[in-house]
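Me: I would like a close look at a single part of this model. Please keep the answer plain and connected.

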Amino acid sequence: MARKHLTPKSRFDRPVSPATSAGINLASPTPGKKLRSRHVTMITLGGIIGASLFVGSANIIREAGPAATLSYLAGGLLVFLAMRMLGEMAAVRPTVGSFMEYARVGLGNWAAYIVGWLYWYFWVGVIAYEAVVGGGMINGWFPMIPAWVGSLALLAIFVTTNLISLRSFGETEFWLASIKVVAIVVFLAAGVLFALGLWPDTSFSVSNLWDHGGFMPNGFGVVVSSVALVLFSYFGTEIAVMAAAESEDPSKGIRQAANTVIWRVMLFYVGAVLVIVTLVPWNELPSPDIIAPFTHVFQMFGIPGAETIMSLVIFTAVISVLNSGTYSASRMFAALAEKGLAPAVVAKRNRHGVPVLAVIASTVGGLIATVVNFIAPGSGIYDFIMNSTGLVALFVYVFIAVTQWRLRSRMTEEEKANLKLKVWMVPWLNILVILGAIGIVAIMLTTEGGRTQVLTSFIAAGALVLFWPIVRRKLRNGAGADAGTGEPSGAEPSAAEPDAVQAGLDEPEDESDRVPEGQPSR
């Protein structure tokens, strides 16, 4: 029997409620205290800064030369466009589920299932990676403490931090991010003085940008291929949007996160790399296995204890990512559960608004990967987990671009005019993001390491696809739930979500994800 749409005559004929316009999170209301403005501000500023900048930037500079700045600039542009698209949707309907929820509304449950679970899987891998790196650093400082003990201790500390309350996570991240931001600001200020010859006992060194083989010594191809590595350094920017949805003023926080991403990229990444290649000839930069580039430059400044200071800053970056990764993974897991795409029990929150089981389950996932690394280092399991998350950033950006394009196409002219945060040149910029992601995958296929990441990432995604029919069947049979929304088929939206149609963010049209009105579930 043919099934009919539940789509109303106009998808945008219901007014946005006052609560929505005030920025209240209607999609995923959370009890307890919210994040304060200063928490969101510092998460927005420092959330993008990880050890990949402090350490990993050296490898890109050693490959591309001074033109590494162009690689960071190109990658930053792609991230900025994706964040702008996410910001447009989030400003209309703040929700902790973020791009997963918008994919569900714009494309259907299948899209939310794929991108949500891949994102959770990515952060579980990151939790394990950062725990292993952090444990190794602790072992380096205190040899009497085995690396695995340090790793487990860090996991215990940050699962506790996230379990106590939302504010506990926010306060911890505020101070960790503050340390990273201060370190980079000092680095940039001293670096500019050093490069211009205004630092004591220094000379003008800007010529390092074109000496030693030119600005692009190894050709344009290396600059392009380096974008693939750079892009993964930026991933995590979307955490600010997720956190803003649990803040006291979601709309303000989301606009702040989306609007400031471009100068954060320019200042913290492009600016920092520009300082490095200006101060140090690119072909004389030590390998990061010997010394991190930031540490090397700080030693050039003549700052006492530079190596110790930067080691502590890098450790701060590691545990900051561990903290925010636990938050991101747990919130995405809970959001999946709220929509019927994961066990419902995972969505339950305590009186402080923390999805306790989601936090524990996400940490256990990271714990398993961490333990595997120590007890079976040669098994390849840990390496597979790390490699198979390689394309998640690209998957997320493509889903964001396609979803925003789809939702914008459903809007009336009046709704488009009333958008508080707007993407320009739709759909051309959406197509640019999609083609950019495809291009990066093509570049990755030209290297052995890149091919491994592409192959294992598609294996992980393929495994999810195999389980989709089971999840889809449960959605249809779930007590008459309408496409996983938690509402009985044909019912009006609940008090928790009084208006599902919020400037284009309506329920999905996909017939395959709906139970027809007046027909029993199968």
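Is R331 buried or exposed, and what is its relative accessibility?

Reply: The model is predicted, and what follows is computed from it. R331 counts as buried, because its relative accessibility is 1% and the cut-off for buried is under 20%. The residue is found in helix 13, which covers residues 306-338.

The side chain of R331 has a polar partner: a contact of 3.1 Å joins it to the side chain of E246. E246 also appears among the residues in contact with R331 once neighbours within four places in sequence are left aside. Before helix 13 in sequence, that list holds V96, L166 and M242 along with E246. The other residues in contact with R331 are R349, G353, V354, P355 and V359.

For contrast, take W175, which lies in helix 8 (residues 166-195). W175 is exposed, because its relative accessible area of 52% passes the cut-off of over 50%. Its side chain makes a polar contact of 3.1 Å with the side chain of E171. W175 also relates to a residue far along the chain: T316 is 141 residues away in sequence, with a C-alpha to C-alpha distance of 9.6 Å.

As for the setting, the chain has 19 helices and zero strands. Of its 522 residues, 57% count as buried, and R331 is one of the buried residues. Among contacts with a separation of 6 or more, 80% are between residues 24 or more positions apart. The accessible surface of the chain comes to about 20600 Å², and carbon and sulfur atoms account for 67% of that surface.

Note on methods: Residues are numbered from 1 along each chain as its sequence is written. This is a predicted model: local features need pLDDT of at least 70, side-chain atom pairs count only at pLDDT 80 or more; totals for chains, interfaces and linings use all residues. Side-chain values use heavy atoms; hydrogens and water are left out. Helices (H or I, at least four residues) and strands (E, at least two) are DSSP runs, numbered from the N terminus. Buried means under 20% relative accessible area, exposed over 50%, partly exposed in between (1.4 Å probe, protein chains only). Contact means heavy atoms within 4.5 Å. Accessible areas come from the Shrake-Rupley method with a 1.4 Å probe; for residues, only the protein chains shown count as cover. A polar contact is a pair of N or O atoms within 3.5 Å; within protein, one must be able to donate a hydrogen and the other to accept it, and residues adjacent in sequence count only if both atoms are side-chain atoms.
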